[in-house]
Amino acid sequence: MIEIILVFGIVVIGTGGEICLTRAMKTIGEVHDFRPRALLNVFGRAMRVGWMWIALLLMAAGFFSLLGMLSLENVSFVVPVTALSYVVGAYGGALFLGEKVTRQRWLGVLLVCIGVTMVWKGRG
Amino acid sequence: MTPGSGLHLKTFFLLLIMVIFGPLGDVLLSKGMKDLGEIPNWSPAELAHLFVAIFTSGMIWLGIVSLIGFFVAYTLVLSWADYSFVQPASSFSYGVVALLGHFALGEVITPLRWAGILVICCGVLIVGHTPPRTTDHTTPEPTMEPTTTLERG
């Protein structure tokens, strides 16, 4: 049961954090200047966006879920399972960011799901 | 050396860093967590103790540094290379993490797990070949800003 909760933490909460991060960076706008001073300025602006703080909180929860899962299972099992984040990312991108998920992308997501199921079944 | 070949070299060098440092970070985190031992129970007191142990573990810090190396390379390569090129290329990380897990940590990987990793790589390759940007850049963003927002960029 704890493993399911941790996978949920990595995949759903962690990816939720990445979606919030995307939302925050879209608010900031596209970065054109990659000089250190300009990047520091972008960082400063990003830290004033509420979505960024939610993102950091969720991604931290995802990271600690990953650590918890790595204490229980092999890394060669845990990391492939985290590929489920592509599924959550596709749904989340479509639902919250208005992204258009093409049929080809859904096919890729389906293959990821099949692969993760095989990894789960092949725990040995 | 032509500018084009220089760019290719730079891109593949950073992709190599990504494919090595990402899985290496995961493996180091795994080793660090295994060294801390199994978590006997998930009570708040036990988790607080674990939290301190995590951040005093050299192995975990090495893993975090390695993952930062991955993230820096990822961010840099995305400043000139297409996301749709970088993402599928980085899917090889799933294979590398399995190899490192097997050879460095002695993990037993069943044929079914190898097959699953291969299918995941194929799935990520397909996802990576879809357009990286599907939203209209000229339309205003949906108003989803939480109330905690201090400033709009």
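Start with both chains of this predicted model and select where they meet: the contact draws on 44 residues of chain A and 49 residues of chain B. Now keep the chain A side of that contact selected. The elements that each supply two or more residues to it are α1 (2-28), α3 (50-72), α4 (75-81) and α6 (103-121) of chain A. Of these, pick α6(A), which provides the largest share of this side, 13 residues. Then colour the chain A side by residue class: 23 of its residues are nonpolar, 13 are polar and eight are charged.

Next, show chain A alone. Its secondary structure consists of six helices and zero strands, so named along the sequence as α-α-α-α-α-α. Turn the C-alpha trace of chain A along its principal axes, and the spans are about 50 × 35 × 25 Å. Colour chain A by burial: of its 124 residues, 41% are buried. Then display the contacts within chain A that have a separation of 6 or more; 80% of them join residues 24 or more positions apart.

Now hide chain A and show chain B. Here, too, the helices number six and the strands zero, and from the N terminus the order of elements reads α-α-α-α-α-α. Colour chain B by burial: 27% of its 153 residues count as buried. For the last stop, display the contacts in chain B with a separation of 6 or more, where residues 24 or more positions apart make up 81%.

Technical notes. Residues are numbered from 1 along each chain as its sequence is written. Chains are lettered from A and ligands numbered from 1 in the order in which they are written. This is a predicted model: local features need pLDDT of at least 70, side-chain atom pairs count only at pLDDT 80 or more; totals for chains, interfaces and linings use all residues. Two residues are in contact if their C-beta atoms, placed from the backbone, lie within 7 Å. Helices (H or I, at least four residues) and strands (E, at least two) are DSSP runs, numbered from the N terminus. Ala, Val, Leu, Ile, Met, Phe, Trp, Tyr, Cys and Pro count as nonpolar, Asp, Glu, Lys and Arg as charged, and the others, Gly among them, as polar. A residue is buried if 20 or more other C-beta atoms lie within 10 Å of its own, exposed if 12 or fewer, and partly exposed in between; C-beta atoms are placed from the backbone.
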